[in-house]
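Me: Could you take a close look at the salt bridges in this model for me, and at the place where the two chains meet? I'd like one connected walk through them.

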Amino acid sequence: MSIFGQAPVQNVAQGRQAFADHLKRALGNRTLDDVGWAKPDDLTLLVPLFATRSEGNKDAYLLRLCFDHYPVWPPSTQFVNPLTLDYRLTEDARWVPQAPGHQEIAFHTNYNGSGQVVCCSLTLEFYKVNHSVEKDLVWQGDKQTFVATIAAIKRVLLPPYYVGRSSA
Amino acid sequence: LTFGQRYVDMVCGCNFAARGELHMVRKEEGRGAESPRGEIEMAESEIQRAEAEIKAAEGELHHAEADLKHAEEDLDRAKEDEHRHPHEALVEFEDVNSLESVDFHTPWQTKLNAAWTEAARLLEEPRRTTDRLQTPEGKDLTPDLDLTLRDLEERKIVTALKFQIVGPTGGA
């Protein structure tokens, strides 16, 4: 069933089960430690990511995925301060990558006053702020997984898109 | 020393310096000097920050060690594979939506596009015109589909013959 035009609905029990299932499939024979991810609770996944600047230097980021609307809706996707594992407006802006110019994804430290938004049809916040999207690009919960979200974000953390840390 | 270890050492050094500074400030205060409360607070906050950084650096070190272990395992597997299939490459394709993956041997002269078609056949997932191929690091391989696997490796376009099949997204 398409979620096109609908408002996100939370379903913790379903999210917990789908996350456990998809995480198991994504890991295969590997462990969380093997891939460098962390699962602080049954609904949250922390994914360290490195962004590469044009001169080759790398910046570290921490992505926090939450699965309380999953899999009907994509995971909530936020870059967080690695020391607090949280995102506070203004003071944590530097923990959000700056990558202007990509046609499919944008990172906003504060999108129209709604907080941080990873502007991509594979994130929950994209639908929470009611961003426009073509019908055939809408998240398909029966076919897509959180790994697609991570893969999409990685595409933008490379030159020529990634330029450095955001500022408040 | 690995980068992670050097980083931990550096942050530990800062922490040490901050503690020394705090000690000096407290000693000064004990001698009856004007109460430098602000300096104590600053030094304590610096210690807290340094301790948090140590924690983060230790986490990075842990990940770096895990990465190194995987790289060594990959190298061992690649050596063993090259020994058994001297004229063929082992390629791996993952569909990030279905989370299915396949690996197979194919001649080094195979073009990336042809390898992708074979992977789609094995995955039983038809190729859509909007699908794209990228490396696990996120590098878009659309411009490189007509290159052979040998080209990809020799030109250092990829670090491993592992590919992700991804669909289109909207946003920005």
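Reply: Happy to; here is a walk through the salt bridges, followed by the contact between the chains.

First, the ground rules. This is a predicted model, in which local features need pLDDT of at least 70 and side-chain atom pairs count only at pLDDT 80 or more, while totals for chains, interfaces and linings use all residues. Residues are numbered from 1 along each chain as its sequence is written, chains are lettered from A and ligands numbered from 1 in the order in which they are written, and side-chain values use heavy atoms, with hydrogens and water left out.

A salt bridge here is a side-chain nitrogen of Lys or Arg within 4 Å of a carboxyl oxygen of Asp or Glu. As a general point, side chains of opposite charge can pair when their charged atoms come close. Over all chains, the count is 11 salt bridges.

Let's start in chain A. A:Asp42 and A:Arg16 form a salt bridge through their side chains, at 3.9 Å from N to O. A:Asp42 lies in the loop between β1 (38-41) and β2 (44-52) of chain A, and A:Arg16 lies in helix α1 (residues 12-27) of chain A, so this pair ties together parts that are 26 residues apart in sequence. (Helices, H or I with at least four residues, and strands, E with at least two, are DSSP runs numbered from the N terminus.) A:Asp42 is partly exposed at 42% relative accessibility, and A:Arg16 is partly exposed too, at 37%. For these words, buried means under 20% relative accessible area, exposed over 50%, and partly exposed in between, with a 1.4 Å probe and protein chains only. A:Lys39 joins in as well: A:Arg16, A:Lys39 and A:Asp42 are linked in a network of salt bridges.

The strands on either side of that loop belong together. β1(A) and β2(A) run antiparallel and are joined by two bridges; strands count as paired if DSSP finds at least two bridges between them. A hairpin through two residues connects β1(A) to β2(A), and A:Asp41 stands opposite A:Thr44 of β2(A).

Next, a salt bridge in chain A with buried partners. The side chains of A:Glu104 and A:Arg155 meet at 3.6 Å, N to O. A:Glu104 sits in the loop between β5 (97-98) and β6 (106-108) of chain A and A:Arg155 in helix α4 (residues 146-156) of chain A, so the pair ties together parts 51 residues apart in sequence. A:Glu104 is buried at 15% relative accessible area, and A:Arg155 is buried at 6%. The helix that holds A:Arg155 is mostly covered, with 10 of the 11 residues of α4(A) buried.

A:Glu104 also reaches across to the other chain. B:Arg132 forms a salt bridge with A:Glu104, with the closest N and O atoms 3.1 Å apart, and the count between chain B and chain A is one salt bridge. The side chain of B:Thr169 adds a polar contact of 2.8 Å to A:Glu104. (A polar contact is a pair of N or O atoms within 3.5 Å; within protein, one must be able to donate a hydrogen and the other to accept it, and residues adjacent in sequence count only if both atoms are side-chain atoms.) B:Thr169 is found in the segment after β4 of chain B and is buried at 4% relative accessibility. Leaving aside neighbours within four places in sequence, the contacts of B:Thr169 include A:Glu104, A:Arg155 and B:Arg132, where contact means heavy atoms within 4.5 Å.

Stepping back to the whole interface, 27 residues of chain B and 31 residues of chain A take part in the contact. The two chains bury about 2300 Å² between them, 53% of it on carbon and sulfur atoms; buried area is the accessible area (1.4 Å probe) that two parts lose on being put together, summed over both. There are 10 residue pairs in polar contact between chain B and chain A, both residues at pLDDT 80 or more. On the chain B side, α2, β3 (132-134) and β4 each supply at least two residues, and α2(B) gives the largest share, eight residues.

That helix also takes part in a salt bridge inside chain B. B:Lys162 pairs with B:Asp74, the closest N and O atoms being 3.8 Å apart. B:Lys162 lies in strand β4 (residues 162-166) and B:Asp74 in helix α2 (residues 37-84) of chain B, so the pair ties together parts 88 residues apart in sequence.
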